[in-house]
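This briefing is intended to be read beside the sequence and the coordinates. Please keep both in view while working through the points below.

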Amino acid sequence: MSKSLFLLSLCLLLLLIVVKIVWSDSLLCANSQNGGKCSSNVNFSTKRYILYDVNPPEGFNLRRDVYIRIAVFIKKLLQENSKYHWTLVLPPWGKLYHWRSKDVGAQVRIPWGYFFDISSLRKYIPVLEMHEFLREYPSIEGGTDLDIVYILQNDEEMFKTGKFREKNEITNCPKGRVRYEQIGENEFFGNFWGYDNITARNLKCVTFHGTASKLKENLQPHLYGSVVFDHMEIALHDVYGSKEFWRARRSMRYNSELYEIANNFRKRELNSNDVDDFTERPENWQEEKGKRNAVGGPYLAVHLRRQDFLQGRAETIPTIKSAASQLKDKMRELKIETLFVATDADDYEFKKLEYYLEDFKVVKYIPTERERNKFKDGGIAIIDQIICSHARYFIGTHESTFSFRIQEEREIIGFPINMTFNRLCGNEKNCVNSGKWEIVW
């Protein structure tokens, strides 16, 4: 056989293989329930993208916990199946309940990089910012067409009866309760993180109860290149507090500039630094080791939650006078003269607290105009959390996710347990301290 004839035969063979693959995938699409319209990204690429969103009223710190649930899920996917390369697309931040500042510009479509170190997250799983995804994913005429949206819903009957079991069932979408609308054949439009050039080909409602990993069966990577899970807060942790949970949590390092601002404040106002406080950490979270020798700066930190908690959890929230009394007793016991306060209280309540604690130095972080404009309300809250996480002793607010995130950070840094898991008492004279979620290395 001549060389040219051999090459021609080889080319024909390769062409037949490609045609067979495309025909096979097309047949799968035609037999599927998605109207025969497949992702343009499915046939030749092994890249698959998972996107998610959360119930709009959920706050910043609960959303950080939801990230861990889906990050652990994706880590497990990558370990179990090397055929597909899964990437998590980070949902931009915006329009959260506690972000009320009107003079810092629009707080919408904020990338994760404003608050977190993206390179650190990528040491755990592959992640993309939304703007990176929109550049990378195939688009048509400037618009991005996602393959499918799954809207997760609770099974109300389970909550009525108290009889819970795993469930993952496609159901009819309830009228008036879905924030998407069909605008054409195989085309749905909705609140896609504040972008008006994103649509979806398919939408299905799912009655779901179970851990995040149970969503694996919904992925169907042979059909879909991009899958969105809405109301991801409904999916539970696979194993809350496990070693894998803490690996994901430890990867959530903050933006380096937020650490710099917090550390400068600690040095200037609180006589605190990592060397003297035994709170130094390696630059790479993967090099951290378990320890309990952190001392912290010479100040007590309190998260004094007010506003919505005064209505929803009045029994567990102290008056300003009661909070001051509890803080005074603890500072005298610890022989600490400085108090750092992270709070959503108004100026009147804060001045009352200062009045009741006139024998102590009471400090709170007040951002510069530049800091507020650049990092918005979310970044300012993180700076408060960093400062609290380095205190000698921390007292939180009962059932506040803001306090939970500080406690987690202190566990990673390596504080003794009794210096971290403490709470202010409300109407109770002797309230029980918060549950202790100790780190697992």
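The notes that follow cover a sheet, its packed helices, two helix crossings, salt bridges and one loop residue.

The model is a predicted one. It contains an open sheet of 4 strands with parallel pairing, and the salt bridges in the model number 31. Helices 8 and 13, which recur below, are joined through a salt bridge between Glu257 and Lys374.

**The parallel sheet**

- The strands of the open sheet follow the order 13-12-11-14.
- Strand 13 (361-363) and strand 14 (391-395) are the edge strands; each has a single partner strand, so one side of each lacks a neighbour in the sheet.
- From one strand to the next, the twist averages 25 degrees.
- Strand 11 and strand 12 run parallel and are joined by 5 bridges. Within this pairing, Leu300 stands opposite Leu339 of strand 12.
- Strand 12 (residues 338-343) also pairs with strand 13 in the parallel sense, over 3 bridges. Here Leu339 has Val362 of strand 13 as its bridge partner.
- Leu339 is thus placed opposite Leu300 and is also the bridge partner of Val362.
- Strand 12 is largely enclosed by the rest of the structure, because 5 of its 6 residues are buried.

**Helices packed on the sheet**

- Which strands does helix 8 touch? Helix 8 packs on the sheet against strand 11, strand 12 and strand 13. The direction of helix 8 makes about 160 degrees with that of strand 13.
- Helix 11 (residues 320-334) also packs on the sheet, where it touches strand 11, strand 12 and strand 14. The angle between the direction of helix 11 and that of strand 11 is about 160 degrees.
- Strand 12 is touched by helix 8 and by helix 11.

**Helix crossings**

- Helix 13 and helix 14 (residues 401-413) have axes that come within 9 Å of each other and cross at roughly 45 degrees. This angle makes helix 13 oblique to helix 14.
- The crossing of helix 13 past helix 14 is right-handed.
- Helix 13 contributes Ala381, Asp384, Gln385, Cys388 and Ser389 to this contact, while helix 14 contributes Phe402, Arg405, Ile406, Glu409, Arg410 and Ile413.
- For helix 2 and helix 7, the axes come within 9 Å and cross at roughly 115 degrees. Helix 2 passes helix 7 in a right-handed crossing as well.
- On the helix 2 side, the contact is made by Arg64, Asp65, Ile68, Val72 and Lys75; on the helix 7 side, by Glu244, Phe245, Ala248 and Arg249.

**Salt bridges**

- Arg69 and Asp65 form a salt bridge, with an N to O distance of 2.8 Å. The two residues are 4 residues apart in helix 2 (residues 60-80), which means that about one helical turn separates them. Both residues of this pair are buried.
- Asp65 also belongs to the contact between helix 2 and helix 7.
- Glu288 and Arg253 form a salt bridge in which the closest N and O atoms are 2.9 Å apart. The pair links distant parts of the chain, 35 residues apart: Glu288 lies in the loop between helix 9 (274-277) and strand 11 (297-304), and Arg253 lies in the loop between helix 7 (243-250) and helix 8 (256-270). Both are buried.
- Glu257 and Lys374 form a salt bridge with closest N and O atoms 2.8 Å apart. Glu257 is in helix 8 and Lys374 is in helix 13 (residues 369-389), so the pair ties together parts that are 117 residues apart in sequence.
- Lys374 counts as partly exposed because its relative accessibility is 35%.
- A network of salt bridges links Arg249, Arg250, Arg253, Arg281, Glu288, Arg405, Glu408 and Glu409. Among them, Arg405 and Glu409 also take part in the contact between helix 13 and helix 14, and Arg249 takes part in the contact between helix 2 and helix 7.

**Ser251 and its surroundings**

- Is Ser251, in the loop between helix 7 and helix 8, buried or exposed? Ser251 is buried, since its relative accessible area is 0%.
- Apart from neighbours within four places in sequence, Ser251 is in contact with Ser120, Leu121, Tyr124 and Trp285.
- Ser251 and Ile118 are 133 residues apart in sequence, and their C-alpha atoms are 9.2 Å apart in space.

Terms used. Residues are numbered from 1 along each chain as its sequence is written. This is a predicted model: local features need pLDDT of at least 70, side-chain atom pairs count only at pLDDT 80 or more; totals for chains, interfaces and linings use all residues. Side-chain values use heavy atoms; hydrogens and water are left out. A salt bridge is a side-chain nitrogen of Lys or Arg within 4 Å of a carboxyl oxygen of Asp or Glu. Buried means under 20% relative accessible area, exposed over 50%, partly exposed in between (1.4 Å probe, protein chains only). Two strands pair if DSSP finds at least two bridges between them. Axes are lines fitted to C-alpha atoms, for helices over the stretch in contact, and angles run from 0 to 180 degrees between N-to-C directions. Contact means heavy atoms within 4.5 Å. Angles under 35 degrees count as roughly parallel, over 145 as roughly antiparallel, 65 to 115 as roughly perpendicular and the rest as oblique. A crossing is left-handed if the near helix is turned anticlockwise from the far one by less than a right angle, and right-handed if clockwise.
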